[in-house]
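User: I am new to this structure and would like a close look at how its helices pack against one another. Please take me through it slowly, in connected prose.

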Amino acid sequence: MNHQSADPTARPHRSADGPSAVIVLAAGAGTRMRSRTPKILHPLGGQSMVAHALAAARGVAPRDLVVVVRHERDLVADHVAGLDDSALLVDQDDVPGTGRAVQVALDALDQRAGAIEGTVVVSYADVPLLEATTLEALVGAHEQQGNAVTVLTAELEDPTGYGRILRAADGTVTAIVEHKDADEDQRAISEVNSGIYAFDAGALRSGLERIDANNAQGELYLTDVLGFARADGGRVAGLLVEDHWQVEGANDRVQLAGLGAELNRRTLERWMRGGVSIVDPASTWIDVSVELDEDVTILPGTQLHGATRIARNAVVGPDTTLTDVVVAEGAHVERTHGSGARIGAGASVGPFTFLRPGTVLGEDGKIGAFYETKNVVVGRGSKLSHLGYAGDTEIGEYTNIGCGNITANYDGVGKHRTSIGSHVRTGSNTVFVAPVTIGDGAYTGAGAVVRKDLPAGALGLSVLSQRIIEDWTVSNRPGTASADAARSGTAPVPFGEPHEGGQS
């Protein structure tokens, strides 16, 4: 078969200012997704399907970007506006079909600035792996060959459900036959229509005026425009994209998961080729919005989401999930769940640590095992090593917060802040009852409940004499295993002394 293939690495000939318009079709209901969320708003790689589609569309620098909406119109429109507030939103009416969707978009463009001319690209909101370079290749081939229509095609092992590409001996496209309208021989064709086109605006306008719903679906098919363009003497060509994933759509959650896995594979490969060590790609997920420096190491079971940034020589993982977290050079983050946090150079976090939004850990600092933090700023070299909670707190430099410390920041009505200075040492199980301020160089004793400010260099204690009530368990818990053990028990043996009948 004689037809041209798209080379995504090439820089094709194309108009300097990009196509006149890109129309993204986003009106479908997506019922097979079985979801209250519109299909095109389902995410993969950290972005909705329509966000990926709009990024590819914007990548060819169109003069106008149009998004056609209908199902859950307001929800989709708000989402699109948040992604690209310059996109023109157009509502599809009750007339079904892709032909009608493009017709209302073209009408809106014509009404806004007069009949547009040049190249009009039509794409879809549910092809998230489509790349801008492929659209550039499509536009370049279309304009270089002087085509009336150029369709992006792919060859699939299982083309079920896709429209088939019919070609003439010279390789030009004679027709596209929808699967439900195709005969047995046509269904055997493996080259399929992606639904993505470059049109001459005049040929598109003329063809849309003549299409009808005389087909198995009773819809206005955009594909019928190709036949009219050819009948009018226009050249209709196909551009084969070798990477079929770029034109794969997601109609249900199985297909969405497959596309998500492929996108993640490509994302990880790109980072590994860029100098990032990913020990186990099979258990690692990284959003397309994440940024990684060279010589970062990602250990198994790690997920990086949102605006997460990891600097050189940092090690993240294993079993770590970070969302919108910045990790500076040389830091280590192990078995941690974090969001909206900043981790300084050379700092360490984990294992089993929960970093909530507003956590800022300074250079060479530490937040250790079984610690939760929220709205906390920890200075250079300070350590919160284990078993504690810090909320609404500032901690100075080179302070050591003892095991089991808690900042009691909530009084049942409002949140209050704790300020702890530099070079402070706190004893195990200290509770800071906010609002409270601890001066530089202060100490607290084990079990202290600090309700008043401590001056610099002071020692805060909560001292109670130990009281012993003999035989309390036997008297107050009769019949229990503890009482039985107490009756038969002996006095404790001091540490280091031998037990009767043996050595310690």
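At what angle do helix α3 and helix α6 pack, and how many Å apart are their axes?

Analyst: Please keep in mind that this is a predicted model. In it, helix α3, which spans residues 98–113, and helix α6, which spans residues 201–208, pack at an angle of about 125 degrees, and their axes lie 10 Å apart. Because an angle of that size falls neither over 145 degrees, where helices count as roughly antiparallel, nor in the range of 65 to 115 degrees, where they count as roughly perpendicular, α3 is described as oblique to α6. The crossing of these two helices is left-handed. On the α3 side, the contact is made by Gly99, Val102, Gln103, Leu106 and Asp110, while α6 contributes Leu204, Arg205 and Leu208. Sorted by class, the contact of α3 with α6 has four nonpolar residues, together with two polar and two charged ones.

A second pair of helices can be read in the same way. Helix α1, residues 49–58, packs with α2 at an angle of about 45 degrees, and here the axes are 10 Å apart. That angle makes α1 oblique to α2, and the crossing of α1 and α2 is right-handed. The residues that make this contact are Val50, Ala51 and Leu54 of α1, and His79, Val80 and Leu83 of α2. By class, the contact of α1 with α2 has five nonpolar residues and one polar residue, but no charged residues.

Helix α1 also deserves a look for its surroundings, since eight of its ten residues are buried, so the helix is largely enclosed by the rest of the structure. The buried residues of α1 are Met49, Val50, Ala51, His52, Ala53, Leu54, Ala56 and Ala57, and among them Val50, Ala51 and Leu54 take part in the contact with α2.

Following the chain onward from α2, which covers residues 73–83, one comes to a loop that leads to β6 at residues 88–91, and Ser86 is found in that loop. Ser86 has a relative accessible area of 46%, and because buried means under 20% and exposed means over 50%, Ser86 is classed as partly exposed. The C-alpha atom of Ser86 is separated by 8.5 Å from that of Asp64, although these two residues are 22 residues apart along the chain.

As for the wider setting, an unreviewed UniProt entry annotates residues 22–160 as a "MobA-like NTP transferase" domain. Over that stretch the chain is 37% helix and 23% strand, and the C-alpha atoms at its ends are 27 Å apart.

Methods. Residues numbered from 1 in each chain as written. Predicted model: local features only at pLDDT ≥ 70, side-chain atom pairs only at ≥ 80, totals over all residues. Heavy atoms only, no water. UniProt positions renumbered as here; feature names shortened; annotations may be inferred. Helix = DSSP H or I, 4+ residues; strand = E, 2+ residues; numbered from the N terminus. Axes fitted to C-alpha atoms, helices over the stretch in contact; angles between N-to-C directions. Parallel < 35°, antiparallel > 145°, perpendicular 65-115°, else oblique. Left-handed = near helix turned anticlockwise from the far one by under 90°. Contact = heavy atoms within 4.5 Å. Nonpolar A, V, L, I, M, F, W, Y, C, P; charged D, E, K, R; others polar. Buried < 20%, exposed > 50% of the residue type's maximum accessible area, 1.4 Å probe, protein only.
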